[in-house]
Amino acid sequence: FGIGSGPACSSILKTSSENKFWCANTAEKIQTVLLTLEGLLNLFPDTIQTINLKVDAEGADLAALRGAGASIHRFDTIVIECNGRHSTKKYREGECMQDEAEAFMRNLGYQVFAGEQGDL
């Protein structure tokens, strides 16, 4: 896990070599425990009927959703943040891109509403 040199700059993804403008420096790298969304959902009792999710994983939002596996359908509402389709900047290697995230969610049967800056 890369600890960023500023607020909201830490991520499991590497900073893109093209990124010279935002959170480009990593202060240190640490090892940490990772819990997938599927693992987290397994901790919720089945009696919980409504689960809404907001992911802000500093570029790894779509990867986090993929970690939900088949359990993703337990979420009623999912909000993620991705790099917008018209963005020319690359912040992180393998970062969430709006078009890919929209296709992923639609393929699962979710309605997709896109915000102005890649929020889905």
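How many salt bridges does the count come to? The count comes to 5, and since you have the predicted model open, here are some notes to read alongside it.

1. **Overall architecture.** A good place to start is the fold as a whole. The chain has 3 helices and 4 strands, and from the N terminus on these elements run β-β-α-β-α-β-α. The radius of gyration is 15 Å, close to the 14 Å that the globule rule gives for 120 residues, so the chain is as compact as a globular protein of that length. Along its principal axes, the C-alpha trace spans about 45 × 35 × 20 Å.

2. **Burial, contacts and surface.** Some totals help to set the scene for the details below. Of the 120 residues, 33% count as buried. Among contacts between residues at least 6 apart in sequence, 62% join residues at least 24 apart. The accessible surface of the chain comes to about 7700 Å², and 51% of this surface belongs to carbon and sulfur atoms.

3. **The bridge between two helices.** Do have a look at R66 and E100, which form a salt bridge with their closest N and O atoms 3.1 Å apart. This pair links distant parts of the chain: R66 belongs to helix α2 (residues 61–66), E100 belongs to helix α3 (residues 98–107), and 34 residues separate them. R66 has a relative accessibility of 45% and so counts as partly exposed. E100 is also partly exposed, at 37%.

4. **A bridge within helix α3.** Staying with this helix, R106 and E102 meet through their side chains in a salt bridge, with an N to O distance of 3.2 Å. Both residues lie in helix α3 and are 4 residues apart, about one turn of the helix. Is E102 buried or exposed? With a relative accessible area of 7%, E102 is buried, because buried means under 20%. Its partner R106, in contrast, is partly exposed, with a relative accessible area of 48%.

5. **The wider network.** The pair in the previous point does not stand alone: R85, D99, E102 and R106 are linked in a network of salt bridges. I would view these four residues together on screen. Side chains of opposite charge can pair when their charged atoms come close.

6. **One more charged pair.** E93 and K90 also meet in a salt bridge through their side chains, at 3.5 Å from N to O. E93 counts as partly exposed at 34% relative accessibility, and K90 is likewise partly exposed, with a relative accessible area of 28%.

7. **The disulfide of C9 and C23.** Turning to the cysteines, the count comes to 2 disulfides. One of them joins C9 to C23, with an S to S distance of 1.8 Å. The torsion about this S-S bond is about -55°, so the disulfide of C9 and C23 is left-handed. The two cysteines sit in the loop between β1 and β2 (26–29), 14 residues apart, and the pair is described as linking distant parts of the chain. C9 is buried, with a relative accessible area of 9%, and C23 counts as buried at 11%.

8. **The disulfide of C82 and C96.** What is the handedness of the disulfide between C82 and C96? The torsion about its S-S bond is about 40°, so this disulfide is right-handed. The pair links distant parts of the chain, with C82 and C96 both in the loop between β4 (75–79) and α3 and 14 residues apart. Their sulfur atoms are 1.8 Å apart, and both cysteines are buried. With bonded cysteines counted along the chain, the disulfides follow the pattern 1-2, 3-4.

9. **A nonpolar patch at the surface.** Finally, please look at F1, I12 and I30, which make a nonpolar surface patch of about 260 Å². F1 is found in the segment before β1 (2–4). At 35% relative accessibility, F1 counts as partly exposed.

Technical notes
Residues numbered from 1 in each chain as written. Predicted model: local features only at pLDDT ≥ 70, side-chain atom pairs only at ≥ 80, totals over all residues. Heavy atoms only, no water. Salt bridge = Lys/Arg side-chain N within 4 Å of Asp/Glu carboxyl O. Buried < 20%, exposed > 50% of the residue type's maximum accessible area, 1.4 Å probe, protein only. Patch = residues over 30% accessible without salt bridge, like charges linked within 9 Å, V, L, I, M, F, W, Y side chains within 5 Å. Areas by Shrake-Rupley, 256 points an atom, 1.4 Å probe, with all protein chains shown as cover. Disulfide = S-S within 2.5 Å. Rg over C-alpha atoms; globule rule 2.2 N^0.38 Å. Contact = heavy atoms within 4.5 Å.
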